[in-house]
Amino acid sequence: MKRNDYISWDEYFMGIAMLSAQRSKDNSTQVGACIVNDKHKIVSVGYNGMPTGCDDDDMPWEREGESSLDTKYPFVCHAELNAILNSSFGSLNGCTLYVTLFPCNECAKAIIQSGIKRVVYKCNKYADTDSVKASCILFEKCGVSFEEYRSNGKSIVLSV
Ligand SMILES: [Zn+2]
């Protein structure tokens, strides 16, 4: 008889996005993303971090500073953008993006342009910001569906 307590596709892919987020060096926001094609194959993963070549120890990770250049914001690559750019597969056309935080408008543009057609997000704590509102407008106009991940509260403990 087959095992019954295996994880669902959604749990698998969101779980990988959540595990990827654990690679982030950002002490306030860790975001992970996992891109999956229509055959349930993972084509890319990513997390928020400094661009390749930037020494994490030399870059600012603060949220506030005298100038924006003293904060992380102008520098950090978001998880979704990293996942899109990390893909070694050709096209992301028709793919689904699993992401732990609702995409900002800059990532929304990259998601749309990459051909991703569906976004499954875990948290949308910036829903009231213009950035996220713009993402919703863009997704709706450009035919990208988005839905909240529905957790059944299952806990998976990994001893690494
Ligand atoms: Zn973003």
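The following conversation goes through a predicted model and asks what lies behind some of the terms used for it.

Colleague: What makes Glu-80 count as buried?

Modeller: Glu-80 has a relative accessibility of 4%, and buried means under 20%, so the residue falls within that class. Glu-80 is found in helix H2, residues 79–86, and the UniProt record, an unreviewed entry, places the feature "active site" at this residue. Leaving aside neighbours within four places in sequence, Glu-80 is in contact with residues including Ala-33, Leu-97, Cys-104 and Cys-107.

Colleague: Which residues coordinate the zinc ion, and through which atoms?

Modeller: The zinc ion is coordinated by His-78 through ND1, and by Cys-104 and Cys-107 through SG, at 2.0 to 2.3 Å; the cut-off for a donor is 2.8 Å, so these atoms qualify. Because water is not among the atoms, a site may look incomplete. In sequence the donor residues are spaced H-x25-C-x2-C. The pair of His-78 and Cys-104 links distant parts of the chain, 26 residues apart, with His-78 in the loop between strand S2 (42–47) and H2, and Cys-104 in the loop between S3 and H3.

Colleague: Are His-78 and Cys-104 buried or partly exposed?

Modeller: His-78, with a relative accessible area of 32%, is partly exposed, because that value lies between the limits of 20% and 50%. Cys-104, at 15% relative accessibility, counts as buried, because the value is under 20%.

Colleague: How many aromatic pairs are there, and why is the pair of Trp-9 and Phe-13 called stacked?

Modeller: The count comes to eight aromatic pairs. The ring centres of Trp-9 and Phe-13 are 5.5 Å apart and their planes stand at 10°; since pairing asks for centres within 6.5 Å and stacking for planes under 30 degrees apart, the pair is stacked. Both residues lie in helix H1, residues 9–21, four residues apart, which is about one turn of the helix. Trp-9 is partly exposed at 44%, whereas Phe-13 is buried at 1%. By contrast, Phe-139 and Phe-146 form a tilted pair, 5.8 Å from centre to centre with 45° between the planes, because tilted covers what is neither under 30 nor over 60 degrees. Phe-139 is buried at 0%, while Phe-146 is partly exposed at 26%.

Colleague: How do you know that the span of H1 agrees with what is expected?

Modeller: The expected span is 1.5 Å times one less than the number of residues, so the 13 residues of H1 should span 18 Å, and the end C-alpha atoms are indeed 18 Å apart. Within H1, Glu-11, Phe-13, Met-14, Ala-17, Ser-20 and Ala-21 are buried, and the buried residues of this helix pack against S1, S2, S3 and S4.

Colleague: Which residues of the largest nonpolar core touch the most other members, and what share comes from H3?

Modeller: Of the 24 residues in the largest nonpolar core, Ile-35, Leu-97, Ile-116 and Phe-139 touch the most other members. Strand S1 (32–36), H2, strand S3 (96–101), helix H3 (105–114), strand S4 (118–123) and helix H4 (130–142) each supply at least two residues of this core, and the largest share, four residues, comes from H3. A second, separate core of eight residues includes Ala-17, Cys-34, Tyr-98 and Tyr-149.

Technical notes. Residues numbered from 1 in each chain as written. Predicted model: local features only at pLDDT ≥ 70, side-chain atom pairs only at ≥ 80, totals over all residues. Heavy atoms only, no water. UniProt positions renumbered as here; feature names shortened; annotations may be inferred. Buried < 20%, exposed > 50% of the residue type's maximum accessible area, 1.4 Å probe, protein only. Contact = heavy atoms within 4.5 Å. Phe/Tyr/Trp six-rings, centres within 6.5 Å; stacked < 30°, edge-to-face > 60°. Core = buried A, V, L, I, M, F, W, Y, C linked by side-chain atoms within 4.5 Å. Donors = N, O, S within 2.8 Å, 3.2 Å for Na, K, Ca; no water.
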